[in-house]
Amino acid sequence: MAWSAVSAFVGLVLVLAGTPKLLAPRAFSRVVRGFRVLPGALARPVARLVPVAEVLAGTALVAGVATPAAAVAATVLFAAFTAGLVVNLARGRRDIDCGCFGFTEPPAGGVARIGPWHALRAAALGAASATLVVVAPAAPAVAERFQGACLAAVVLLLALVVARVTRVVGRGPTRVDSHLADASVRYRAALARAAR
């Protein structure tokens with residue numbers, strides 16, 4: 001069941017990452033161009049191909065269908081993501097949109113959008129995908145795939161909750177204070193508008 005869970009986890013990550021890109025192709029095309037690792041003529045076709053490949057490979061990994069081929073595709077995708085992130089980090093270009101699971105507004109005041117964590121996460125997912133190519137059984141039983149998918153979904157849900165909470169809470173009180181100060185400003189502005 002362990003390999004089914006790893007396969008489903010990697011697959012769910014790919015589906016979650018690819019879906020926003022499919023729904024917003026122009027935004028993802030801007031992200032691809034923003035990385036500045038491809039010639040301009042390739043940015044648009046790559047931006048159209050990558051989300052389709054992510055969703056197809058992810059769905060195959062979750063379903064346990066064509067797992068070796070899907071794992072190879074996932075390995076190639078994560079290797080490309082890791083390379084793009086590492087190149088930009090080496091160039092000192094941290095203020096770009098990762099485009100990993102959606103899109104953000106253009107950076108204001110030089111706020112970093114990518115960091116070593118992004119590259120490490122992509123590399124770890126690539127390593128898991130590569131391991132699936134070598135070690136995972138080609139056709140696990142249906143019950144095993146289902147159990148693995150359920151376990152992967154729980155782990156991914158917990159990871160998303162932790163990521164969301166740490167975004168608001170941060171590493172110390174300054175992130176919470178900043179979040180609350182922004183909310184307070186919006187609240188006072190709404191009160192002032194309502195009083196008019």
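**Figure 1. A salt bridge joins the side chains of Glu54 and Lys21.** The nitrogen-to-oxygen distance in this pair is 3.0 Å. The model shown here and in the other views is predicted. Side chains of opposite charge can pair when their charged atoms come close. Glu54 belongs to helix 3, while Lys21 belongs to helix 1, which covers residues 2–23. The two residues are 33 residues apart, and the pair links distant parts of the chain. Glu54 counts as buried because its relative accessibility is 1%, and buried means under 20%. Lys21, at 4% relative accessibility, also counts as buried. The structure holds one salt bridge, and the view shows that pair, Glu54 with Lys21.

**Figure 2. The whole chain is built with seven helices and zero strands.** Along the sequence, the pattern reads α-α-α-α-α-α-α. The chain has 196 residues, and buried residues make up 30% of them. Among the helices are helix 2, residues 25–35, and helix 3, residues 40–63. Helix 4 runs over residues 67–90, and helix 5 over residues 116–135. The close-up views that follow refer to these elements by number.

**Figure 3. Five arginines gather in a patch of positive charge on the surface.** The members of the patch are Arg26, Arg30, Arg33, Arg44 and Arg48. Helix 2 and helix 3 are the elements that give two or more residues to this positive patch. Helix 2 gives the most, with three residues. Arg30, one of the members of the patch, has its place in helix 2.

**Figure 4. Arg36 has a positive phi although it is not a glycine.** The phi angle of Arg36 is about 55 degrees. Arg36 sits in the loop between helix 2 and helix 3. These two helices are also the elements that give two or more residues to the positive patch of Figure 3. Arg36 counts as exposed because its relative accessibility is 56%, and exposed means over 50%.

**Figure 5. Valines and one tryptophan make a nonpolar patch on the surface.** Trp3, Val72, Val76, Val133, Val134 and Val135 form this patch, which has an area of about 510 Å². The elements that give two or more residues to the nonpolar patch are helix 4 and helix 5. Helix 5 provides the largest share, three residues. Val76, a member of the patch, is found in helix 4. With a relative accessibility of 54%, Val76 counts as exposed.

**Figure 6. The side chain of Thr82 reaches the backbone nitrogen of Ala123.** The distance of this contact is 3.2 Å. Thr82 lies in helix 4. Thr82 is buried, because its relative accessible area is 15% and the buried class means under 20%.

**Figure 7. Ala127 and Thr75 are 52 residues apart in sequence and 7.3 Å apart in space.** The distance in space is taken from C-alpha to C-alpha. Ala127 has its place in helix 5. With a relative accessible area of 42%, Ala127 is partly exposed. Its value falls in between the buried and exposed classes, so Ala127 belongs to neither of them.

**Figure 8. Arg113 and Ile96 are 17 residues apart in sequence and 5.4 Å apart in space.** This distance, too, runs from C-alpha to C-alpha. Arg113 lies in the loop between helix 4 and helix 5. At 24% relative accessibility, Arg113 counts as partly exposed.

How values were computed: Residues are numbered from 1 along each chain as its sequence is written. This is a predicted model: local features need pLDDT of at least 70, side-chain atom pairs count only at pLDDT 80 or more; totals for chains, interfaces and linings use all residues. Side-chain values use heavy atoms; hydrogens and water are left out. Patches are made of residues with over 30% relative accessible area and no salt bridge: like charges are joined within 9 Å, nonpolar side chains (Val, Leu, Ile, Met, Phe, Trp, Tyr) within 5 Å. Accessible areas come from the Shrake-Rupley method with a 1.4 Å probe; for residues, only the protein chains shown count as cover. A salt bridge is a side-chain nitrogen of Lys or Arg within 4 Å of a carboxyl oxygen of Asp or Glu. Lys and Arg count as positive and Asp and Glu as negative; His and the chain ends are not counted. The place of a charge is taken as NZ of Lys, CZ of Arg, CG of Asp or CD of Glu. Helices (H or I, at least four residues) and strands (E, at least two) are DSSP runs, numbered from the N terminus. Buried means under 20% relative accessible area, exposed over 50%, partly exposed in between (1.4 Å probe, protein chains only). A polar contact is a pair of N or O atoms within 3.5 Å; within protein, one must be able to donate a hydrogen and the other to accept it, and residues adjacent in sequence count only if both atoms are side-chain atoms.
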